[in-house]
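Okay, thanks for coming, everyone. Let me put the structure up, and then we'll walk through a few parts of it.

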2 protein chains.
Amino acid sequence: MSMSTKPGERRRRPTIHDVARVAGVSRGTVSRVLNGGHYVSPAAADAVNSAIRKTGYVVNRHARSLITGRSGSVAFLLTEPQDKFFEDPNFNVLLRGCTEALAAHDIPLLLMLAGTPDEQRRIVRYVGSGHVDGVLLISSHAGSPVAEQLVRAGVPVVVCGTPQGTSERLAHVAADDRDGARTMVRHLLATGRRRIGIVTGPQDTPGGVERLAGYREVLAEAGLGYAPELVAAGDYSRDSGARATAELLARRPDLDALFVASDLMAQGALAALAEAGRRVPDDVAVGGFDDSAAAVAARPTLTTIRQPWDRISAEMVRLLMARIEGQDTSAVILPTELVRRDSA
Amino acid sequence: MSMSTKPGERRRRPTIHDVARVAGVSRGTVSRVLNGGHYVSPAAADAVNSAIRKTGYVVNRHARSLITGRSGSVAFLLTEPQDKFFEDPNFNVLLRGCTEALAAHDIPLLLMLAGTPDEQRRIVRYVGSGHVDGVLLISSHAGSPVAEQLVRAGVPVVVCGTPQGTSERLAHVAADDRDGARTMVRHLLATGRRRIGIVTGPQDTPGGVERLAGYREVLAEAGLGYAPELVAAGDYSRDSGARATAELLARRPDLDALFVASDLMAQGALAALAEAGRRVPDDVAVGGFDDSAAAVAARPTLTTIRQPWDRISAEMVRLLMARIEGQDTSAVILPTELVRRDSA
DNA sequence: CTGAAAGCGCTTACAG
DNA sequence: CTGAAAGCGCTTACAG
């Protein structure tokens, strides 16, 4: 169909020069049409557009990026094992939200997975050499060195969740974990519960630490004190929620409520409670966290704390775009909300 | 720490020119060190390497790509709604396999999601303008126009699964679906079953069509003929497997075996059979397809057809690399294998 | 509104 | 082994 393109020989793609020749204008004029058509006569614009169609011209982004210093794309970077995220319904919502927010800027999102140190090296090098304009960094664990490496390389970065330790100055967007936890525990107290256990997230994640802190604050405030045997840790997976709950029941069979630091773990908790013959919420009230798809799918449906994922993703993109433009934006903390369903 | 970098003013990154100056060599020599160090004296190489460290130099990939015509990255492109894939354990395995196979070439994988026509346009434009060297295209549905658009734009593409219709000439890698189906149905026959139903995949997907075809072939070969009321369609989701199975049971309560065209749907089928009070495999034998994590997680564990995902991903990457090098590679069909567990 | 020209940061024959 | 030079395909002041 095309003239003598042997297999193995890539057809030379038309350049701006070919378009200019066909249109009978200079390359500068073609470029002006390509970049918004300002300062171009209608006649010239028409000629160029039809020449573009005739030649099948597509801009060479490497050349453009070399000059503008922009790639026109943004990375959504996961620095943890992929399975964990794909299992988590929050992740889906966040990914979709960011994709949509970027689409409004006509910017494609590139999802990058860097679960192993080896992959992290590769990705940091790739990103650091300019192939994206910025990074939306998703990592449940706080101390990841990737964020700092990227920042040091001069890449605009916005983190999802509150970074801990030295990297506190990173731009980030997060829900108010501690306040959400307080709200839930107050709700459990308000329904008359007094022996309230907690299944926490990992203690090296901000959500793990903050939600536990909120729980302790409210119990102290209610004069109930802190009982270590009412605390068990999960890793945000469904199974870990079941395991931790079984543990708590063994230690404190008189448990009358459970605050579980994620909906997915709460699903596991419900399974463990059913296995142990406890009725929810009659015997044990259960409160989750996230208001993810898992909360609605659970039986009974979960009373939970809503994280505003749509706003989180929108704010992440807004902050990142601002950083890319060179503004020195910092952090956004968003409020949570109690969602009452059947479990508490 | 660095000299007068006001916020909003990006620090000028060191170029090859800076490195050359510090090292006291020409830019050509720096470039040679960067590209493998051939034809460079040890002394010059040392000087360059230490100058790179001193300046914090990182190659500008746009400039490099402009010359080499290569971006050094590959896209893993999904042209369907993301949830569907993330729910599917096969997807995880395929993604990991491709990531690893590319890592051996030191090439980062860029995951791109293009579920909506709008996103597809954006991604096709982005990819077509040269930002990746090739595309691994994942789509359960056959007729996606994305593949042809990419090929027309001159982008090397390898498809997972057998493309249907006009795009048959696309390079692709697939398991032998039809033969796998034949193997499973023969196995069910060998265990004495005679009223064998099937839950198919969507009939606009190659797996949906081919696995049904294999089922029909073996039944014909066994002289059992084809009973339309033994056939129900699912969409590869767990729920659809449950629904289709309930339907079949209503139509043919005397069913004694079920071939379900994916493990995930087979999990749904098991749930529906349990609900209907049927014992598996005593009353109804169940055969799945994929040998995914779902097969081992199911109760009873699933007898299934193993798709060699590790080989599929390895072959996809191999074909794509060959295409990128300009070779005119075509298709690879890989054999499947019966895996016996408890359900049949 | 338009063209000629400089230049983005690299790689790669080409001479030596 | 090394340097000077051309050139990849674009954008963008600069004159007109």
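How many bridges join strand 3 of chain A to strand 4 of chain A? There are four, and the two strands run parallel. Before I go on, keep in mind that this is a predicted model.

So, let's stay with that strand. Strand 4 of chain A covers residues 157–160, and within that strand Val158(A) is the bridge partner of Leu136(A). Strand 3 of chain A also pairs with strand 1, residues 74–78 of chain A, again in the parallel sense, this time over five bridges. If you want a spot to find by eye, look for Val74(A), which stands opposite Gly134(A) in strand 3 of chain A.

Now the side chains. Gly134(A), Leu136(A) and Ile138(A) point one way from strand 3 of chain A, while Val135(A) and Leu137(A) point the other way. Both sets are buried. That makes five of the five residues, 134–138, so strand 3 of chain A is largely enclosed by the rest of the structure.

Next up, helix 10 of chain A, residues 206–221. Here's a quick sanity check on the geometry. With 16 residues at 1.5 Å a residue, helix 10 of chain A should span 22 Å, and its end C-alpha atoms are 22 Å apart, so the two agree. Its buried residues include Pro206(A), Arg211(A), Leu212(A), Tyr215(A), Val218(A) and Leu219(A). Remember that an α-helix has 3.6 residues a turn, so residues three or four places apart point the same way. What sits over the buried residues of helix 10 of chain A? The cover includes helix 9 (177–190), strand 6 (196–200), strand 7 (231–233) and strand 8 (257–260) of chain A. And just after helix 10 of chain A, Gly223(A) takes a positive phi of about 75 degrees.

Okay, on to the DNA, beginning with strand C. There are 25 residues around DNA strand C, and the closest are Arg32(A), Ser41(A), Ile16(B), Ser31(B) and Ile67(B). Of the atoms of DNA strand C that come within 4 Å of the protein, 62% belong to sugar and phosphate. The bases get touched too: the side chain of Arg32(A) has an N or O atom 2.6 Å from a base oxygen of DNA strand C. On the phosphate side, an N or O atom in the side chain of Ser31(B) is 2.6 Å from a phosphate oxygen of that DNA strand. Asn60(B) uses its backbone instead, with an N or O atom 3.3 Å from a phosphate oxygen of DNA strand C.

Which helices supply at least two residues each to the surface near DNA strand C? They are helix 2 (27–34) and helix 4 (61–68) of chain A, plus helix 2 (27–34) and helix 4 (61–68) of chain B. By residue type, that surface divides into 13 nonpolar, eight polar and four charged.

Last stop, DNA strand D. Here 25 residues lie around the strand, with Ile16(A), Ser31(A), Tyr57(A), Ile67(A) and Ser41(B) coming nearest. A polar backbone atom of Ile16(A) is 2.5 Å from a phosphate oxygen of DNA strand D, and the side chain of Thr29(B) puts an N or O atom 2.8 Å from a phosphate oxygen. For a base contact, go to Arg32(B), where a polar side-chain atom lies 2.6 Å from a base oxygen of DNA strand D. Helix 2 and helix 4 of chain A and of chain B each supply at least two residues of the surface near this strand.

How values were computed
Residues are numbered from 1 along each chain as its sequence is written. Chains are lettered from A and ligands numbered from 1 in the order in which they are written. This is a predicted model: local features need pLDDT of at least 70, side-chain atom pairs count only at pLDDT 80 or more; totals for chains, interfaces and linings use all residues. Side-chain values use heavy atoms; hydrogens and water are left out. The expected span of a helix is 1.5 Å times one less than its number of residues. Buried means under 20% relative accessible area, exposed over 50%, partly exposed in between (1.4 Å probe, protein chains only). Contact means heavy atoms within 4.5 Å. Two strands pair if DSSP finds at least two bridges between them. A residue is near a molecule or strand if one of its heavy atoms lies within 4 Å of it. A polar contact is a pair of N or O atoms within 3.5 Å; within protein, one must be able to donate a hydrogen and the other to accept it, and residues adjacent in sequence count only if both atoms are side-chain atoms. Ala, Val, Leu, Ile, Met, Phe, Trp, Tyr, Cys and Pro count as nonpolar, Asp, Glu, Lys and Arg as charged, and the others, Gly among them, as polar.
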